[in-house]
Amino acid sequence: MACASNTEVGSNSYYGKWTLNKIIYKSGRSRDFTKEPGNFVHIKETEVSEIIVGHGVRSYPYTQETNVLTLISGGEPDIWRVVESTEHSMKIDTYIGRYVLTR
């Protein structure tokens, strides 16, 4: 009988530390983070953390249903919808705009 490690059991292709490359705001303007190292989104099993230079770390519990992550921020649900995901890149529509991520 084969034995699976804890990382394989319950694995999720979204899990991990993603580099934030760009935010395309709902207003249409964008912010390029490629020349500002140290900005990340870390998706864990029960928590999402945004690590933004100058703003610190903000962590939120979440639930997931297919490509929708429902974060709880200040007691209110905040929907993050994964619109594109590959092994090394991901785009997520958030309440402020689209996050463009790589790893």
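## Strand pairing and salt bridges

In this predicted model, phenylalanine 40 has isoleucine 51 of β4 as its bridge partner. Residue numbers start from 1 along each chain as its sequence is written, and side-chain values rest on heavy atoms, leaving out hydrogens and water. Because the model is predicted, local features need pLDDT of at least 70 and side-chain atom pairs count only at pLDDT 80 or more, while totals for chains, interfaces and linings use all residues. Below you will find the strands, then the charged pairs.

**Strands and hairpins**

- Strands here are DSSP runs of E with at least two residues, numbered from the N terminus, and two of them pair if DSSP finds at least two bridges between them.
- Strand β3 covers residues 40-43 and strand β4 covers residues 47-52; the two pair in the antiparallel sense over four bridges.
- Between β3 and β4 sit three residues, and the two strands form a hairpin.
- β4 is also joined to strand β5 (residues 56-65), through six bridges, and these two run antiparallel.
- On this side of β4, isoleucine 52 has glycine 56 in β5 as its bridge partner.
- The hairpin of β4 and β5 has three residues between the strands, and glycine 54 takes a positive phi near 90° there.

**Salt bridges**

- How many salt bridges does a search of the whole structure find? There are four, where a salt bridge is a side-chain nitrogen of Lys or Arg within 4 Å of a carboxyl oxygen of Asp or Glu.
- As background, side chains of opposite charge can pair when their charged atoms come close.
- One of the four links lysine 44 and glutamate 47 through their side chains, at 3.1 Å from N to O.
- Another joins lysine 91 to glutamate 84, with 3.9 Å between the closest N and O atoms.
- Arginine 98 and aspartate 93 also meet in a salt bridge through their side chains, at 2.6 Å from N to O.

**Exposure of the charged partners**

- Buried means under 20% relative accessible area, exposed means over 50%, and partly exposed lies in between, using a 1.4 Å probe and protein chains only.
- In the first pair above, glutamate 47 is partly exposed at 28%, and lysine 44 is partly exposed at 31%.
- Lysine 91 counts as partly exposed at 27%, and its partner glutamate 84 counts as partly exposed at 38%.
- Arginine 98 is partly exposed with a relative accessible area of 29%, and aspartate 93 counts as partly exposed at 27%.
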